Amino acid sequence: MKKIIITGGAGFIGSHVVRRFVKTYPQYQIINLDKLTYAGNLANLKDIENEPNYRFVKGDIVDLAYINNLFEVEQPDAVIHLAAESHVDRSISNPLEFVMTNVVGTVNLLNAAKTIWKDNYADKRFYHVSTDEVYGTLGDTDMFVETTAYDPHSPYSASKASSDHFVRAYHDTYGLNTVISNCSNNYGSFHFPEKLIPLAIHNIKQQKPVPVYGKGENIRDWLWVEDHARAIDVIFHQAAIGTTYNIGGHNEWKNIDLIQLLCSILDKKLGREAGESAKLITYVTDRAGHDLRYAIDATKLKNELGWEPSITFEEGLEKTVDWYLANEQWLSDVTSGHYQEYYSEQYNNR
Ligand code: NAD
């Protein structure tokens, strides 16, 4: 019997990882440790909340005494660490919160794991989930590989880069059984609607302006969130100690082309005339320090562990749009209150 603490399991990617592990491995005990910030939502896990191998605990990874006690009491065999402050725009307004959660929180977890495992790491594992944003920005043709030098430009990516360095330092210094993956942009169900794709779907549906940074020229590599969760499963079970894997969709899109595609999908689904939704596109002042292009080379993951994306972007996007159209209650619950204030501060004056 394996006991795994998954941090950030009430968030977007974390909820997909928790669901996958709870359903695929009934012999494991899954503990979802989450602070339930604005981005954490237990409604994301309604379908598995009563499974016998699942438990939720509300806690803050920055709270050292709490984390030490939790690890002492639970004695987990493994940690899959996703809890983070994850939105670049919020990191620009409040960098310190990102340092606390993403850096201090990660070091608290590393220490707690090291302490209870007492330097005996056989059958133990600390899996840190990270982003391709740590690598910085690319020119026209190159791609990020696992050995690309770190060059973060936003407070978010700087905090994630720092947490990655701490994870490697705990492997190199103490021999902790660590593994890291750096993934490209995810999309799919349960994605908080401050991020590009769910925000655009939400606004197009409501016939509100769809904000696009700068000229919409920035390029991102998109991966369906359930393919990311499957990659995490494969890496968790098969990666050698101390290794890193890049995860990506080989699927680059200019922001403006992606938004145009979403507009045309929604025109059809909502019975609007072709081109009607695209009239909502509103260019807003570019994000400071905005990286132009990210692209992941996931060859190592494919060659060594046999993982590849399971669906095309067009299929995944269609599924995602359908999910948002079918889950209006989820969307209206998360777009009420505090989020509305933040959203109007971010976009109203642009
Ligand atoms: P998210 O913002 O949707 O979820 C983060 C979760 O962490 C939330 O449930 C939140 O309540 C929880 N959390 C935040 N601070 C906490 C704290 N102090 N203690 C305990 N829990 C806390 O984020 P996401 O998009 O699901 O990203 C998950 C992880 O994957 C992050 O580490 C992120 O850096 C990484 N990642 C995200 C993407 C992406 O496209 N979203 C891509 C690559 C990597």
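How many residues does helix 4 have, and how far does helix 4 reach from its first C-alpha to its last? Keep that in mind while you load the model, which is a predicted one.

**Whole chain.** Start zoomed out. You should be able to pick out twelve helices and twelve strands. Along the principal axes, the C-alpha atoms fill a box of roughly 65 × 45 × 40 Å. The radius of gyration is 20 Å, which agrees with the value near 20 Å for a compact globule of 350 residues. Colour by burial and 45% of the 350 residues come up as buried. Turn on contacts between residues at least 6 apart in sequence, and 82% of them join residues at least 24 apart.

**The ligand.** Centre on the ligand next and select the 31 residues around it. Those that come nearest are Gly 8, Gly 11, Ala 39, Gly 40 and Ala 84. Colour this shell by class and you get 13 nonpolar, 13 polar and five charged residues. Helix 1 (12-24), helix 4 (95-117), strand 5 (125-131) and strand 7 (185-187) each put at least two residues into the shell. Two of these elements are the next stops.

**Helix 1.** Select 12-24. The end C-alpha atoms of helix 1 sit 19 Å apart, in agreement with the 18 Å its 13 residues should span at 1.5 Å a residue. Ten of those 13 residues are buried, so helix 1 is largely enclosed by the rest of the structure. Show side chains for the buried set, which includes Phe 12, Ile 13, His 16, Arg 19 and Phe 21. Then bring up the cover: it includes strand 1, strand 2 (29-34), strand 3 (54-58), strand 4, strand 7 and helix 7 (225-238).

**Helix 4.** Now select 95-117 for the opening question. Helix 4 has 23 residues and reaches 32 Å, close to the 33 Å expected at 1.5 Å a residue. Look along it and find the kink of about 25°, centred on Val 104. Its buried residues include Phe 98, Thr 101, Asn 102, Gly 105, Asn 108, Leu 109, Ala 112 and Trp 117. An α-helix has 3.6 residues a turn, so residues three or four places apart point the same way. To see what the buried residues of helix 4 pack against, add strand 1 (3-7), helix 2 (64-74), strand 4 (78-81), helix 3 (88-93), strand 5 and helix 5 (155-174).

**Last stop.** Step just past the end of helix 4 to Lys 118, where phi is positive, at about 45°.

Methods: Residues are numbered from 1 along each chain as its sequence is written. This is a predicted model: local features need pLDDT of at least 70, side-chain atom pairs count only at pLDDT 80 or more; totals for chains, interfaces and linings use all residues. Helices (H or I, at least four residues) and strands (E, at least two) are DSSP runs, numbered from the N terminus. The radius of gyration is taken over C-alpha atoms; the globule rule is 2.2 Å times the number of residues to the power 0.38. A residue is buried if 20 or more other C-beta atoms lie within 10 Å of its own, exposed if 12 or fewer, and partly exposed in between; C-beta atoms are placed from the backbone. Two residues are in contact if their C-beta atoms, placed from the backbone, lie within 7 Å. A residue is near a molecule or strand if its C-beta atom, placed from the backbone, lies within 6 Å of it. Ala, Val, Leu, Ile, Met, Phe, Trp, Tyr, Cys and Pro count as nonpolar, Asp, Glu, Lys and Arg as charged, and the others, Gly among them, as polar. The expected span of a helix is 1.5 Å times one less than its number of residues. The bend at a residue is the angle between axes fitted to the seven residues ending there and the seven starting there.
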